[in-house]
Amino acid sequence: MLIRDLLAMGDLRLIPLAGETDVEITGVLVTDLPDPGRYLSGGELVLTGLMWRQDPADSDRFVGVLARAGVAALAVGDAVYGHVPQDVVAACLAHGLPLLEVPIEVSFGAVTEAVTRRLAGLQAGDLRRALGRHRRIVAAVAEGAGLTELCALMSAELGVSGAVISAAGTVIAGAVPPADAARLAAEFLGAVRLPVTTQGPYTIFAVDRAHRAAGWALVCGGELDPDIGFELASCVALERTRMEGGRRVERRLAEQLIALACAGTADLSELSARLRTCGIDVAEPYAVVSATVARPGAADGPDPAALGGQVVEELLDRRVVAAPGADGAVALVPLGSGTADGLAAALGERVVPLAAGLPGVRLAVGVSAALTGPTAIRGGVEEAGHARRMAEARGGGVVSSAEIYTHALLLATVPDDVRRSFAGRLLAPIFDYDRKHQAELVRTLDTFLDCAGSWHACAERLHVHVNTVRYRIRRVEELTGKDLSVMPDRVDLYLALRAS
């Protein structure tokens, strides 16, 4: 309500003495404290009987406190002086604070009740209008409105800007600057509890109960009431569920195609038809992507292949579907004018912030070489699977086919306990020696092998004298029982370093 609305209440007979009357009142406070600042939050009508006024100088101090707190107006009762002292009027004029006179026959209780009753009525009207707007939004979503329309309705009906983003940082609907989208996705992933209000300001709500790695977030501009935000997030979840219905059919078709191709029992014409059904022409280049998302050591949790498929779909902005399998999710990704290496690089860039926001979760992705035609699917699935297993052995990330045809593929296929035993048996003595003497034998060995056994090149890279390198390598040989002038022993130590 405004001050002029209060003045229009004839039974109160309030008299304006200073200031504007178009100022909004949001509450009321009765006080005679000399400094009531700690009890003020702004927008109040302050009622006072002037018991704090001992001399005219007190007026400026009291009114100054009110003005700095942002109150709406000061209303002074006539009970003590029979009128409002001129120094109070002058102080209000000096500080730009509206001043009202309350006649002696009007109680502060009557003014307080009138203000409270009017504000309650206004709030009830606001609530009814808000509920009406919410109902219109929910009804529109129930009738099939998409996410873009939902974001537009939020702006039109609630005056709230909104967007839906994925955990991978993609803006699915609405408008958020790309830099903000990446930051908000990271905050969504790392939040201990949602909703959370962050820089912008934005308020972030989880859309549904999906794992955060594959989750969506509703991002609203400003600090939105949680109840409204939860309702809007439920509307987004409803639309996502509708979208998932169609994708389930596409996943089943992709799963059938991959199963037939890997079994080797279907004829070429059937595979070609199924490949086209999955949106890839028989002459179009594509790559196979394999993925898992898991929390190593956890006794329970979502299926790594199913979650891996969901994450790959989000990383690729839902342009493809991933079929979950026993060994990992598999997706056939059309390359268009791009390359398989370019696809791997793009996935790698997107996996890094996603993995950083989920400590303890291993996100492993393998990418095959470029393929053409249905007969290449089987080999592509195997190749992508090898690459993914190498990524798992590394603790996560993206591995392309170019990386797997090396010793790293052999190491990736060796069980973890065998790798650890092999590396420990050879390297434990020099690791122990380094811990006791800070001798840098392990670093020197790694550099020496990387320099193909060149004493001088190793010394230059380590910035030490060549005799220091010779001494350290001799100690390595003594501790491990290996001869670094012999190729098989060099290979053993090189593989042990890579397996450790």
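In which loop is Asp317 found? In this predicted model, Asp317 is found in the loop between α9 and β12 (322–323), where the residue has a positive phi of about 55° although it is not a glycine. With a relative accessibility of 31%, Asp317 counts as partly exposed. A positive phi, near 50°, also occurs at Gln438, again a residue other than glycine, and Gln438 lies in the loop between α13 (416–437) and α14 (441–450). The relative accessibility of Gln438 is 61%, and the residue therefore counts as exposed.

The secondary structure of the protein comprises 17 helices and 16 strands. The radius of gyration is 36 Å, well over the 23 Å that the globule rule gives for 500 residues, so the protein is more spread out than a compact globule. Along the principal axes, the C-alpha trace spans about 110 × 70 × 40 Å. Of the 500 residues, 46% are buried, and about 24,100 Å² of surface is exposed, 54% of which is supplied by carbon and sulfur atoms. Among contacts with a separation of 6 or more, 61% are accounted for by residues 24 or more positions apart. The protein carries 48 positive and 60 negative charges, and the mean positions of these two sets are 6 Å apart.

The largest nonpolar core contains 45 residues, of which Val289, Val311, Leu343, Leu347, Leu354, Val365 and Val367 touch the most other members. Helix α10 (residues 340–356) gives the most to this core, contributing six residues. When residues up to four places away in sequence are not counted, Val311 touches Ala213, Ala214, Val293, Leu354 and Leu363. A second, separate core of 25 residues includes Ile137, Leu147, Cys151 and Leu232.

A pairing of residues distant in sequence is found at Arg295, which lies in the loop between β11 (285–294) and α9 (304–315). Arg295 and Val361 are 66 residues apart in sequence, yet their C-alpha atoms are 4.5 Å apart in space. Besides Val361, Arg295 touches Pro359 and Gly360, with residues up to four places away in sequence not counted. Because its relative accessibility is 46%, Arg295 counts as partly exposed.

Cis peptide bonds are also present in the model. One joins Leu194 and Pro195, with omega about 5°, and Pro195 lies in the loop between α6 (178–190) and β8 (196–198). Another cis bond runs from Gly200 to Pro201, with omega near -5°, and Pro201 is placed in the loop between β8 and β9 (202–206).

Note on methods
Residues numbered from 1 in each chain as written. Predicted model: local features only at pLDDT ≥ 70, side-chain atom pairs only at ≥ 80, totals over all residues. Heavy atoms only, no water. Helix = DSSP H or I, 4+ residues; strand = E, 2+ residues; numbered from the N terminus. Rg over C-alpha atoms; globule rule 2.2 N^0.38 Å. Buried < 20%, exposed > 50% of the residue type's maximum accessible area, 1.4 Å probe, protein only. Contact = heavy atoms within 4.5 Å. Areas by Shrake-Rupley, 256 points an atom, 1.4 Å probe, with all protein chains shown as cover. Lys, Arg positive; Asp, Glu negative; His and termini not counted. Charge placed at Lys NZ, Arg CZ, Asp CG, Glu CD. Core = buried A, V, L, I, M, F, W, Y, C linked by side-chain atoms within 4.5 Å.
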